[in-house]
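Hello,

Here is the structure I promised to pass on. Please open it first, then read the notes underneath.

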Number of protein chains: 2
Amino acid sequence: MHDLTLEDIARMAGVSPSTVSRVLNNLVGTRSKARERVLKVLAETGFQPNAAARSLVLQRSQVIGLLIPAPASTILHNPAVLQLAEVITQACHERNYLLSLFLLGSDTDEQQILPKMTRKGFVDGLIVRGADDRANDPLLHRLSESGMPLVSFGRPIDLDTISYVATDNATAAYNATAHLLTLGRRRIALMVGSLETYASQERLAGYRKALMDRGVPIAEQLIAVAGMSDAYGTTRRLLQHAPDAIFLPTRMALDVLRVLRETNLHVPDKIALIGFEDLPLALQTDPPLTAISQPMEAIGRHLVGMLLDIMENGAAPPRRLLFPQELLIRQSCGAMYM
Amino acid sequence: MHDLTLEDIARMAGVSPSTVSRVLNNLVGTRSKARERVLKVLAETGFQPNAAARSLVLQRSQVIGLLIPAPASTILHNPAVLQLAEVITQACHERNYLLSLFLLGSDTDEQQILPKMTRKGFVDGLIVRGADDRANDPLLHRLSESGMPLVSFGRPIDLDTISYVATDNATAAYNATAHLLTLGRRRIALMVGSLETYASQERLAGYRKALMDRGVPIAEQLIAVAGMSDAYGTTRRLLQHAPDAIFLPTRMALDVLRVLRETNLHVPDKIALIGFEDLPLALQTDPPLTAISQPMEAIGRHLVGMLLDIMENGAAPPRRLLFPQELLIRQSCGAMYM
DNA sequence: GATATTTATGCAAGCGCTTGCATTACGCCA
DNA sequence: TGGCGTAATGCAAGCGCTTGCATAAATATC
């Protein structure tokens, strides 16, 4: 038994395929009697039109792709991207699009997958978790060249033709640093995951500016780069320079807290902590971590809004949107006790 | 300027569309001179054939869908599903399929999305994160009825027609409990996230059996159900019954550890801990958490293997596969000190 | 009740690709 | 060089749907 087609339904309902199509797409008046019969058959059979045929004739698939360049390590420690995926999924559904997620593990994946992703008739547009670092710049380049409607979450490096939504890490870091200064901290350490990422550079800049604006000297020893695996060691080294606050990637909070417990540095009495991202983890640490939060809901909505706009009106000129971030005060920064 | 089609390429290369198609699909001998010209044009234009047209004529899209029923809370605390997604993505690429992830947030999503997912010509088959609890049983039912090739990760409840891959939670819990007993623990507490899930029921059964086999009395007060938000309180209550070990969902480890620190119960000297899942978190806790680990790599491979098999040979009879799990001994169970 | 107007329906083309079949070009051997 | 087998190529149909156009039916108008 072959799969049902429009034609089968038409025969069963005693009408022409066109009529069935029109019923399916609601472009037939409600008072038609044929309509009733078709509807009945449709319900009985549970018929769903063939997606490929539909896409072919309509020249669009009603599917949007979300590309996540993510070697295992990255994504597992970064639930934020998942939250983004959820928000975007929701936003797409509201606009009657389907959101399809694609994981890009290795570089070979990328070579293999990208050409397929940019085929017409597959997805109508692409949202990319862009430019975490220079490494995925070529990806954006290639996507951009493909002509596929595209928006990036995160500002692309060296590429000013791509529309993007990003968050203002510089201001956020500035504000967080200022907050710590207001609380009386003077030796504020900064841990970043890498200096290759735009985000880190912006945070560093915001941090520096806040210190300078207040006339607090910048101690280069208090600035450290730490990967996931050496967060513990890096923290220990940092402690030799007697910081009274640490500004850190939230995913490293557990390692940092462990060091502080081991060295009997009470948080926040002796040392204050602020995380760069508001992951679920921030609520589970002891004490709960004050963290910078991105307005994910709004970001997601604007990403898909922007993409749909580009799909309708073309990609020029590129759209840009910068979102402010918010400092969520919990206990690790000491402000609760003032 | 309209998008390029096979016909355009054919014209540019001075051949017929059929020839271009054959070059694209590598079913033309290598010594053809036309082939060279086509290849050249293809390279120059970066042409990619229209995916919808291809799917339509071939009656398959070379895309597999991974359906993730995941309200935000669930997925954010459960990176395991992401690991699965990565493994499956990889396995699909190796088999020349594209893996497309779909998040099912709300129930309304489900109503809206499922019909689209089961359309022919969209995906060729579906992998579902099945039956975490009764709640998504209807989902599996509907998918099953749609006739779409389907495999479930996790054993479906009340449904014996669906092929699945699952892990042997009962044996794993049995072994972990036995391990604790061997280490001299006698008052082993069990925290589960819910009693609605198959997984929890199996764990509970394995736990009970291990105790009975060793003649250790089962204390019902040592068995507790805790959600993410009341893990802390539940742990405190549990402590009133003086457990010397706790068997817990890994994602609750931080809360449990906090209670134990606050009550000065040293892990593992005073109390041993074992987590049900080996999340990245297990390595970051202090002390690192002994945990049960699923062979994700193998599971992922078999899920796609099974699905492709079903796509080729039909769904009957349903395939079933049960994987053993492994106890990863770290410091929280005390075995390191023996 | 006859005509004009609106609304529902059917016909057929076509979206961009693949592929069976018929045809042509090619290389080989005598 | 002619005849043969094989490989390369082109033609045209068709995958399942939508939609412009023409026609038929239903409704409104006088």
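Below is what turned up, place by place.

Please keep in mind that this is a predicted model.

The DNA contact first. Around DNA strand D there are 30 residues, and A:Thr5, A:Leu6, A:Ser21, B:Gly29 and B:Ala34 come nearest. Both chains give helices to this surface. From chain A, helix 1 (6-13), helix 2 (17-24) and helix 4 (51-58) each give two or more residues. From chain B, helix 2 (17-24), helix 3 (33-45) and helix 4 (51-58) do so. By class, the surface near DNA strand D has 13 nonpolar, 10 polar and seven charged residues.

Next, helix 6 of chain B. This helix covers residues 80-94. At 1.5 Å a residue, its 15 residues should span 21 Å, and the end C-alpha atoms are indeed 21 Å apart. Buried or exposed? Of the 15 residues of helix 6, 11 are buried, so the helix is largely enclosed by the rest of the structure. Among the buried ones are B:Leu82, B:Leu84, B:Val87, B:Ile88 and B:Cys92. B:Gln83, B:Glu86, B:Thr89 and B:Gln90 are buried too. Just after the helix, B:Asn96 takes a positive phi of about 70 degrees.

Last, a loop in chain A. A:Pro217 sits between helix 10 (198-213) and strand 7 (223-225). A:Pro217 has 8 other C-beta atoms within 10 Å; 12 or fewer counts as exposed, so this residue is exposed. A:Arg187 is 30 residues away along the chain, yet the C-alpha atoms of A:Pro217 and A:Arg187 are separated by 8.9 Å.

Best wishes

How values were computed: Residues are numbered from 1 along each chain as its sequence is written. Chains are lettered from A and ligands numbered from 1 in the order in which they are written. This is a predicted model: local features need pLDDT of at least 70, side-chain atom pairs count only at pLDDT 80 or more; totals for chains, interfaces and linings use all residues. Helices (H or I, at least four residues) and strands (E, at least two) are DSSP runs, numbered from the N terminus. The expected span of a helix is 1.5 Å times one less than its number of residues. A residue is buried if 20 or more other C-beta atoms lie within 10 Å of its own, exposed if 12 or fewer, and partly exposed in between; C-beta atoms are placed from the backbone. A residue is near a molecule or strand if its C-beta atom, placed from the backbone, lies within 6 Å of it. Ala, Val, Leu, Ile, Met, Phe, Trp, Tyr, Cys and Pro count as nonpolar, Asp, Glu, Lys and Arg as charged, and the others, Gly among them, as polar.
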